[in-house]
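Subject: Structure for your files

Hello,

Here is the structure I said I would pass on. Please open it alongside this email, as the notes refer to individual residues.

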Amino acid sequence: MSIRRRVVVTGLGVGTPIGIGIEPFWDALTTGVCGIKRIEAFDPAGFPAQIGGELPPFKLGDFIPKTYRKSAKVMSRDIEIAVACAYHAVRDAGLNTKCIVDRGEGDGSPNVDSTRFGANIGAGLICADLSELAGALATAKGDDGVFDIRKWGAEGMQNLTPLWLLKFLPNMLACHVTIVHDCQAPSNTVTCGEASSHLAIGEAFRTIARGAADVCICGGAESKINPMALARPQLLGRLDTDSNDRPELACRPFSRNSRGTVVAEGGGLVILEALEHAKARGARIYAEMAGFGAGSNAHHWAEPDPSGKPAAIALRNAVADASLNPGDLDLAVPFGVGITPYDHAEIKGWESCFGDHLHRIPAMTTRPATGYNGAGCGAIDFAAMVLSLHRSTVPPTRNTNELHPDCRFSFAPNDPRDARIRNAATLGYALAGGQAAALIIKRYEE
Amino acid sequence: MDRRVVITGMGWVTPLGHDIEQVWSGLLEGRSGVAPTKNFDASTFPTSFSAEVKSYRVADVIGDAARRHEGASRNTRFALGAAAKAWAHAGLDNFVGLDPTRVGVYLGGGEGPLDFAPFAAAAVRGCVDDEGKTQPLDTVRWAEEALRLLNATNEREQDPNLAAGHLAVYFNAQGPNCNTLTACAASTQALGEAMHMIRYGDADMMISGGTHSMIHPLGVTGFNRLTALSTRNDSLQTASRPFDRTRDGFVIGEGAGILILEELDLARSRGAHILAEVVGYGSTADAFRITDIHEDGRGAIAAMKVALGSAGLTTADIDYISAHGTSTEENDKIETLAIRKLFGDRAAQVPISSVKSMLGHLIAAAGAVELITCVLAIRDGMVPPTINYTEPDPNCDLDYVPNQARKVEVRAALSNSFGFGGQNDTIIIRGFES
């Protein structure tokens with residue numbers, strides 16, 4: 001077996017519909033605030049589901065050096081969210097990265113070696129800015145009113161800015177973040193739908209453990225607040241279309257009356273760090289990374305395995321990696337997407353790993369509060385889990401008052417609970433693609 | 001001691017064909033897979049040619065099983081065919097005794113392709129009012145059109161992780177499953193990370209590599225707008241000319257390359273034929289600019305250096321370099337500089353070739369296909385040429401194996417892949433020695 005260094009969590013940055021940065025996020029989460037409203041970014045009236053989770057307003061300039069403002073023009077919304085999360089994460093970790101030094105913040109002296117600073121960022125299938133692209137495509141309309149590809153090739157495409165493609169390559173989240181914060185060590189972009197953040201954080205954990213980097217910024221971000229991103233899950237029947245007039249009650253995971261999920265934008269980036277590196281710079285340690293496990297759905301690439309096997313494999317692998325017994329778990333953080341067949345498969349997966357122990361421990365998920373933001377979901381759940389452990393408080397999970405009788409999770413729908421948590425686990429899985437991944441953290445002890 | 005990781009099977013779907021030996025012969029003969037684009041009407045595009053996969057049907061490889069995967073994207077169909085061949089090559093078709101939870105998938109699978117016709121139709125209708133006048137996009141009108149025109153399955157199958165999901169089902173691979181999309185570096189990255197998963201013990205076998213087609217209207221539009229593609233429409237088979245002074249951009253290709261990586265003890269216990277050992281991997285970010293490579297080759301040098309370090313090798317041990325060699329002005333110059341800086345005096349003595357001169361640039365799939373050529377170079381003691389090399393460039397002054405394949409004993413080969421956005425990945429393989 002290779003060397004295995006201890007890895008700890010030292011920084012959290014989130015951008016969610018209920019708050020940007022961990023303090024607003026935590027306050028909202030623990031008081032049961034919901035971030036789901038009628039969509040404002042565009043007129044959703046043509047869609048059956050017209051609600052979503054949008055980020056509170058923010059200024060990108062607050063998160064990048066002045067010299068980088070020109071590059072902000074080629075950022076899609078997904079990239080902007082990742083850049084916002086990255087700033088919050090490094091500030092929270094007390095890392096004086098290039099961005100922080102250039103902005104004249106922190107104590108001004110760099111405290112991370114760029115060649116030992118990696119990035120692993122989950123991303124989605126980034127949607128083009130539809131107004132821009134559709135407007136350009138419309139210029140290639142032939143005399144018959146139909147799109148003419150020859151006209152497009154000859155002239156129409158000139159209406160797109162030369163750097164158009166660079167807004168939408170999934171690895172541009174990591175590209176911008178690594179430039180802004182000068183992360184030159186191992187870098188990756190995981191594109192596994194809703195499992196992306198878990199896989200990215202797990203891979204970063206391994207990267208540091210084997211000594212290939214000392215610090216990694218990892219997680220994921222995605223915006224599904226875009227007409228194309230709303231059309232896709234709508235076509236696939238994933239959305240709650242009955243809650244337009246009561247958006248705060250949309251997305252009811254594991255419930256008898258679940259009707260589907262709700263789109264959102266958001267994500268999270270977290271700082272993982274080799275323990276000795278964190279200690280050497282006197283960093284605050286939230287928790288220690290204990291286990292990572294992954295599995296795949298071999299039953300179908302786009303439907304849940306009713307037996308919950310992929311989730312069970314991921315969870316069992318993580319439990320084994322953490323050298324724990326299932327009975328050692330004190331907090332469960334499921335994905336809880338709110339789509340019944342997926343929720344049922346998830347219950348089975350957790351149950352087959354943790355058995356009766358599952359209903360004895362608290363559970364929470366951020367989905368009803370923050371919505372379904374693709375590659376960003378897992379990092380938000382991970383951040384909530386880390387804060388729960390560090391603050392010995394489990395936030396409530398909205399919209400879980402009428403759980404399905406088969407649900408084995410113990411949610412508190414209204415109030416936070418005090419709980420001393422030693423070990424906590426979170427699961428993410430892709431709705432299509434079949435990837436499943438689990439992460440386990442433990443309370444940090446010398 | 002780390003667990004050792006070996007290659008036991010390989011398969012590909014390329015612009016020169018779909019059989020390992022037939023394509024390899026073509027590469028050694030210096031054949032070009034470039035032709036006028038047929039995937040869509042590109043006749044008026046600045047670039048009207050590409051290296052397409054021709055006459056490929058996934059059912060020809062996997063038979064009736066193809067029906068189960070109906071509706072899969074072009075990327076997924078490529079991946080299924082390449083992986084099925086790799087699986088058979090590794091002697092796994094009739095092998096019982098694998099623990100499916102210890103078999104994983106790690107791909108560098110591309111997104112899409114976008115279902116362009118209905119997308120464009122909805123876009124146009126969303127921008128045209130009742131009088132037929134063009135207006136800014138009306139999302140209400142667009143939504144009605146899009147929900148009517150777009151097909152749910154086609155939309156779902158565009159997700160980049162879908163090919164990996166299909167492979168998991170086809171091979172009953174229940175272990176770790178992941179997809180990376182670091183642009184043109186993706187499949188090298190996938191292979192490197194898959195190696196680490198086996199080394200660490202997350203899995204005993206990984207189906208790894210990449211698959212991608214960006215030969216579709218918006219893919220070519222994007223690269224044409226970036227002026228990254230060659231526009232040599234009048235001499236298309238000579239358009240991909242890596243390291244040549246007159247190069248004017250890359251030629252877009254498509255396809256898949258899949259390798260079976262497995263832990264040495266497993267390979268031995270099942271009597272597998274070992275093709276090569278994966279010994280080193282390095283990944284770095286330029287962290288420089290979104291459009292340009294770092295002018296000193298900083299990230300590329302670091303990736304090669306990390307890979308050498310993880311392999312426990314030095315530059316003196318490398319007998320062959322499969323270059324990223326895209327045929328763009330910037331890449332070829334800076335890749336040359338990086339090799340020169342890292343390899344020093346030895347740089348000019350190591351044969352370097354770019355099979356992109358023949359296959360075009362398979363984007364996310366490029367690295368995996370190129371790694372397969374490295375395995376074959378080790379096996380046969382032959383390295384493929386860089387074709388279309390006619391005019392030396394003072395900025396590219398190394399040995400690019402111009403135009404003719406060459407007999408070279410290759411013990412260790414290094415393969416580079418660099419992606420837009422400053423992503424650098426290097427992987428090193430070695431002929432297997434117990």
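Below are notes on a strand, the cysteines, the aromatic pairs and two charges over rings.

Please keep in mind that this is a predicted model.

Strand β4 of chain B

Strand β4 of chain B covers residues 103-109, and 7 of its 7 residues are buried. Neither face is left open: Val103(B), Val105(B), Leu107(B) and Gly109(B) are buried on one side, and Gly104(B), Tyr106(B) and Gly108(B) are buried on the other.

β4(B) pairs with two strands named here. With strand β6 of chain B (residues 205-213) it runs parallel, joined by 7 bridges. Within that pairing, Gly108(B) has Gly210(B) as its bridge partner. With strand β5 of chain B (residues 177-179), β4(B) is again parallel, over 3 bridges. Here Leu107(B) stands opposite Asn179(B).

Cysteines

A disulfide is a covalent bond between the sulfur atoms of two cysteines. How many disulfides does the structure hold over all chains? The count is 0. Two cysteines illustrate this.

The closest cysteine sulfur to that of Cys34(A) belongs to Cys251(A), and at 8.8 Å it is too far for a bond. Cys34(A) counts as buried because its relative accessibility is 15%, and the cut-off for buried is under 20%.

Cys178(B) is in no disulfide either; its nearest cysteine sulfur is that of Cys192(A), 4.1 Å away. A disulfide would need the two sulfur atoms within 2.5 Å. Cys178(B) is buried, with a relative accessible area of 1%.

Aromatic residues

The search of the whole structure gave 22 aromatic pairs over all chains. In one of them, Phe147(A) and Trp152(A), the ring centres are 6.2 Å apart and the planes are at 50°, so the pair is tilted. The angle for a tilted pair is neither under 30 degrees, which would be stacked, nor over 60, which would be edge-to-face. Phe147(A) and Trp152(A) are both buried.

Also in chain A, one aromatic cluster is formed by Phe254(A), Trp350(A), Phe354(A), Phe409(A) and Phe411(A).

Charges over rings

There are two arginines to look at. Arg206(A) lies over the face of Tyr200(B), 3.8 Å from the ring centre, so to speak of this contact you need both chains A and B on screen. The other is Arg270(B), whose charged end sits over the ring of Phe95(B), 5.7 Å from its centre.

Regards

Conventions. Residues numbered from 1 in each chain as written. Chains lettered and ligands numbered in written order. Predicted model: local features only at pLDDT ≥ 70, side-chain atom pairs only at ≥ 80, totals over all residues. Heavy atoms only, no water. Phe/Tyr/Trp six-rings, centres within 6.5 Å; stacked < 30°, edge-to-face > 60°. Buried < 20%, exposed > 50% of the residue type's maximum accessible area, 1.4 Å probe, protein only. Lys NZ or Arg CZ within 6 Å of the ring centre and 35° of its normal. Helix = DSSP H or I, 4+ residues; strand = E, 2+ residues; numbered from the N terminus. Pairing = 2+ DSSP bridges.
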